[in-house]
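Q: I'm new to reading structures. Please pick one part, take me through it closely, and then show me how it fits with the rest.

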Number of protein chains: 2
Amino acid sequence: MKIAEVSKRYDISADTLRYYERVGLLRHVPRTESGIREYNETNCSTIEFLKCMRAAGVSIEALIEYMDLFDEGEETAPARKALLEEQRDLVRERIADLQAGLDRLNYKIANYETIILEAEKSMRPGAEPAQPGSRLCDSCGEGQA
Amino acid sequence: MKIAEVSKRYDISADTLRYYERVGLLRHVPRTESGIREYNETNCSTIEFLKCMRAAGVSIEALIEYMDLFDEGEETAPARKALLEEQRDLVRERIADLQAGLDRLNYKIANYETIILEAEKSMRPGAEPAQPGSRLCDSCGEGQA
DNA sequence: GAACCACTTAGAGTGGACTTCAGGTCAAGG
DNA sequence: CCTTGACCTGAAGTCCACTCTAAGTGGTTC
């Protein structure tokens, strides 16, 4: 597989693939006689792994470290495991932060729903004026204070 | 509250607080006569909100847009709600990506556990040599092929 | 055999989000 | 009065992870 095909298959630009190789994330990519990259199945599964890890926010640096260990041989298995565990913990933290943000967004959205409904109600003919308590939520907090 | 106190309270550098104000994320921060920022409670809750949103990966740009709408008045409530919903969807996507990465990390870690145990077993005196199938997982894929 | 296209390289440029710097002001303490 | 330290400003610098550019090569097609 040439670079264009891999690029399309994994939706990663050819530039990025070359970059990954240059910085040591992707190693042992065979070449044709004329120097053109010919990705094999091993390369592909590495790429897929990298894509997944990058999407999870794992840094290029950590991944390079992992690849370094890998190339050093079997005896680095415990170190690699430790590295993955460290990264896993970071991903968990990130998920917790995102979840907190998501909860907050949901809360605010629900709040807007109420507010907008109230505003519409008070716009209908013959409606009494809007309640003082139903003002828009402030620029940041969610409560009335 | 002066900038140093706010910085400590929310664990955000004073530089970042000034930066947020400069780009329009944080508005209406009162000043003392000599020009020193005196953050009030409204500012604080905005800061807390910003911190949460940033931790969830919401871009500075989107947050500025939100603040812009906010300053335009009550009639932008539906637009603000739409903006938050859009951001919420992005956060959900991000969580899904992280979760996929987390699952994969857990899988790989479990794999290493097995591998390391096997390696230790075969190192004990009198053990038969390691199985051919128990080699280290490859640099990316999780299976044996 | 010229055009064309995908590929190659080294190196420079980009965008987002800060972060640091240089130089300046102000209030309090010795 | 002078120093100290926290604050101020605008502008430049930094970091990460790409992304693009320029200049060139190799193989196929009309």
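**A close look at DNA strand C**

A: Let's begin with T16(B), where a side-chain N or O atom is 3.2 Å from a phosphate oxygen of DNA strand C. That counts as a polar contact, a pair of N or O atoms within 3.5 Å (within protein, one must be able to donate a hydrogen and the other to accept it, and residues adjacent in sequence count only if both atoms are side-chain atoms). This is a predicted model, in which local features need pLDDT of at least 70 and side-chain atom pairs count only at pLDDT 80 or more, while totals for chains, interfaces and linings use all residues. Residues are numbered from 1 along each chain as its sequence is written, chains are lettered from A and ligands numbered from 1 in the order in which they are written, and side-chain values use heavy atoms, with hydrogens and water left out.

The side chain of R54(B) has an N or O atom 2.9 Å from a phosphate oxygen of DNA strand C. R22(B) reaches a base instead: one of its polar side-chain atoms lies 3.5 Å from a base oxygen of DNA strand C. Two elements give two or more residues each to this surface, namely α1 (3-10) of chain A and α2 (14-23) of chain B. Helices here are DSSP runs of H or I with at least four residues (strands are E runs of at least two), numbered from the N terminus. The biggest contribution comes from α2(B), with five residues.

Now step back to the whole surface. In total, 18 residues surround DNA strand C, and R18(A), R37(A), D15(B), Y20(B) and R54(B) are the closest. Of the strand's atoms within 4 Å of the protein, 80% are sugar and phosphate. A residue is near a strand if one of its heavy atoms lies within 4 Å of it. By type, there are six nonpolar, five polar and seven charged residues. Here Ala, Val, Leu, Ile, Met, Phe, Trp, Tyr, Cys and Pro are nonpolar, Asp, Glu, Lys and Arg are charged, and the others, Gly among them, are polar.

What about DNA strand D? Around it are 17 residues, with Y20(A), R54(A), R18(B), R31(B) and R37(B) nearest. R54(A) places a polar side-chain atom 2.9 Å from a phosphate oxygen of DNA strand D. The elements giving two or more residues there are α2 (14-23) of chain A and α1 (3-10) of chain B.

How do the two chains relate? A turn of 180 degrees with a shift of 0.0 Å along the axis lays chain A on chain B with an RMSD of 0.1 Å. This is a two-fold axis, because that turn and shift are the relation such an axis describes. The copies were superposed by least squares on the C-alpha atoms of residues with pLDDT of at least 70 in both. I95(A) is the residue of chain A that comes closest to the axis, at 3.0 Å (C-alpha).

Finally, where the chains touch, chain A and chain B each provide 48 residues, with contact meaning heavy atoms within 4.5 Å. They bury about 4300 Å² between them, 75% of it on carbon and sulfur atoms. That buried area is the accessible area (1.4 Å probe) that two parts lose on being put together, summed over both. In chain A, L98(A), L105(A) and Y112(A) lose the most area to chain B, together 15% of what that side buries. The copies meet through the same surface, because 100% of the interface residues of chain A are also interface residues in chain B.
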